[in-house]
Structure formats: C-alpha cells, structure tokens
Amino acid sequence: MPTAEQLALTDEESRLLQQGLMEWCGPARCTEEFAVAMGFDGIRDLSLRGMSIRGALAREEALDPMDWARALLATELAFASEVVGSGYEWSTTTGWSDDTTLRVLRSAQLKLIRTVAPLVGRGLGTRHTPPRGGAAGGRSASALPGVVTFVAR
C-alpha cells in the first residue's frame with residue numbers, strides 16, 4: 001500500500017484530495033449510484049470511509065489502491081459536477097480557485113494513474129468488451145439493449 005510520498009504526491013495534491021473528500025460532507029449532493037460508481041458502498045460509506053481516507057491522507061499514511069481511486073474520483077466529481085458535486089460553489093466552499101484546482105488535480109491524476117487504472121473493470125466498475133466478429137458491416141449486437149457496437153475489421 002503506497003503512501004502519498006511514495007507516489008510522489010506533493011502536500012498540495014494531498015490537501016486537494018482531502019478537500020475533495022470533505023466536499024461530500026457539505027455542498028456536494030451525492031446519490032447512491034454515484035457513490036457506488038466512485039467505489040463506495042453507498043452514500044453512508046462515502047461519508048464514513050471518505051473521512052477515514054481523508055484522515056489517512058492528513059496523517060501521511062499508506063492507502064490501498066482502491067482508496068486512492070476513491071479519493072481521486074471523489075475529488076474529480078466534487079470539483080467538476082454541478083449536478084451532484086460542488087461545481088460552481090467549489091471555489092467558494094474550498095478556497096481553491098478553479099485554475100489552481102485544475103493544475104493540482106491534473107498533476108495528481110498523472111501520479112495516481114498507474115495505481116488506480118488497473119482497478120477499472122476489477123472492483124471499480126465494469127468494461128464492456130465488444131464481441132468478436134459480428135454481423136455484416138462490422139456491426140454486432142451489444143449486451144446493452146438498443147446499443148450497437150461497431151467492430152473494426
């Protein structure tokens with residue numbers, strides 16, 4: 001389980017992730033489905049585990065890869081989404097300007113991608129794999145009703 005220091009995260013990047021998690025206790029308005037999409041069991045878990053992750057970040061403790069993914073996704077969504085996150089209120093409630101947030105977030109994303117990307121499809125969501133072959137013209141039926149997948153030949 002890597003620490004922020006082992007992942008080369010700066011104090012500023014760690015503080016941003018802490019703030020992103022904190023937003024879910026305030027202006028951000030999560031749904032059960034979005035909480036699950038971010039890797040939590042639901043809204044209650046987002047609140048409880050989110051604060052646990054925030055505390056571990058503040059204490060510079062190691063986090064398992066899933067908790068790094070939760071922190072990153074929670075921050076991305078809190079910052080960017082007006083629908084369920086803080087959106088336009090972000091700079092008011094956090095004191096972080098959009099420009100600074102975006103610069104620090106992009107830097108944190110680059111440092112965390114190798115740790116969190118392998119989780120997609122393995123504990124963090126699913127990935128649809130298009131069927132091989134398919135009907136004439138490269139089209140095939142998808143597992144999702146009404147969705148057609150195009151397969152390159």
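## Exercises on side-chain contacts and helix packing

Arg114 is exposed, with a relative accessible area of 77% (exposed is over 50%, buried under 20%, partly exposed in between, with a 1.4 Å probe and protein chains only). The model is predicted, so local features need pLDDT of at least 70 and side-chain atom pairs count only at pLDDT 80 or more, while totals for chains, interfaces and linings use all residues. Residues are numbered from 1 along each chain as its sequence is written, and side-chain values use heavy atoms, with hydrogens and water left out.

**Exercise 1. Place Arg114 in the fold and relate it to Pro65.**

Step 1. Arg114 belongs to helix α6 (helices are DSSP runs of H or I with at least four residues, strands are runs of E with at least two, and both are numbered from the N terminus).
Step 2. Between Arg114 and Pro65 the C-alpha to C-alpha distance is 9.6 Å, at a separation of 49 residues in sequence.

**Exercise 2. Find the salt bridges that join α6 to α1, and state the accessibility of Glu12, Lys111 and Glu13.**

Step 1. Apply the criterion: a side-chain nitrogen of Lys or Arg within 4 Å of a carboxyl oxygen of Asp or Glu. The count by this rule is six salt bridges.
Step 2. One of them pairs Arg103 with Glu12 at 3.4 Å, N to O. Arg103 is in helix α6 (residues 98–116) and Glu12 in helix α1 (residues 11–22), so this contact ties together parts 91 residues apart in sequence. Glu12 has a relative accessible area of 26% and is partly exposed.
Step 3. Lys111 and Glu13 form another salt bridge, at 3.0 Å, N to O. This pair also links distant parts of the chain, with Lys111 in α6 and Glu13 in α1, 98 residues apart. Lys111 is partly exposed at 27% relative accessibility, whereas Glu13 is buried at 3%.

**Exercise 3. Describe the salt bridge of Glu61 and the network that includes Asp41.**

Step 1. The partner of Glu61 is Arg59, with the closest N and O atoms 2.8 Å apart. Glu61 is partly exposed at 35%, and Arg59 is exposed at 52%.
Step 2. Asp41, Asp45 and Arg49 are joined into one network by salt bridges that share partners.

**Exercise 4. Classify the aromatic pair, then examine the ring of Phe40.**

Step 1. Rings of Phe, Tyr and Trp (its six-membered ring) pair if their centres lie within 6.5 Å; planes under 30 degrees apart are stacked, over 60 edge-to-face, the rest tilted. One aromatic pair is found in the whole structure.
Step 2. The ring centres of Phe79 and Trp90 are 5.6 Å apart and the planes are at 75°, so the pair is edge-to-face. Phe79 is in helix α4 (residues 65–80) and Trp90 in helix α5 (residues 90–94), eleven residues apart. Both residues, Phe79 and Trp90, are buried.
Step 3. Over the face of Phe40 lies Arg70, 5.8 Å from the ring centre (the test asks for NZ of Lys or CZ of Arg within 6 Å of the ring centre and within 35 degrees of the ring normal).

**Exercise 5. Classify the packing of α1 and α3 by angle.**

Step 1. The axes of α1 and helix α3 (residues 43–58) are 9 Å apart, at an angle of about 160° (axes are lines fitted to C-alpha atoms, for helices over the stretch in contact, and angles run from 0 to 180 degrees between N-to-C directions).
Step 2. Hence α1 is roughly antiparallel to α3 (over 145 degrees; under 35 is roughly parallel, 65 to 115 roughly perpendicular, the rest oblique).
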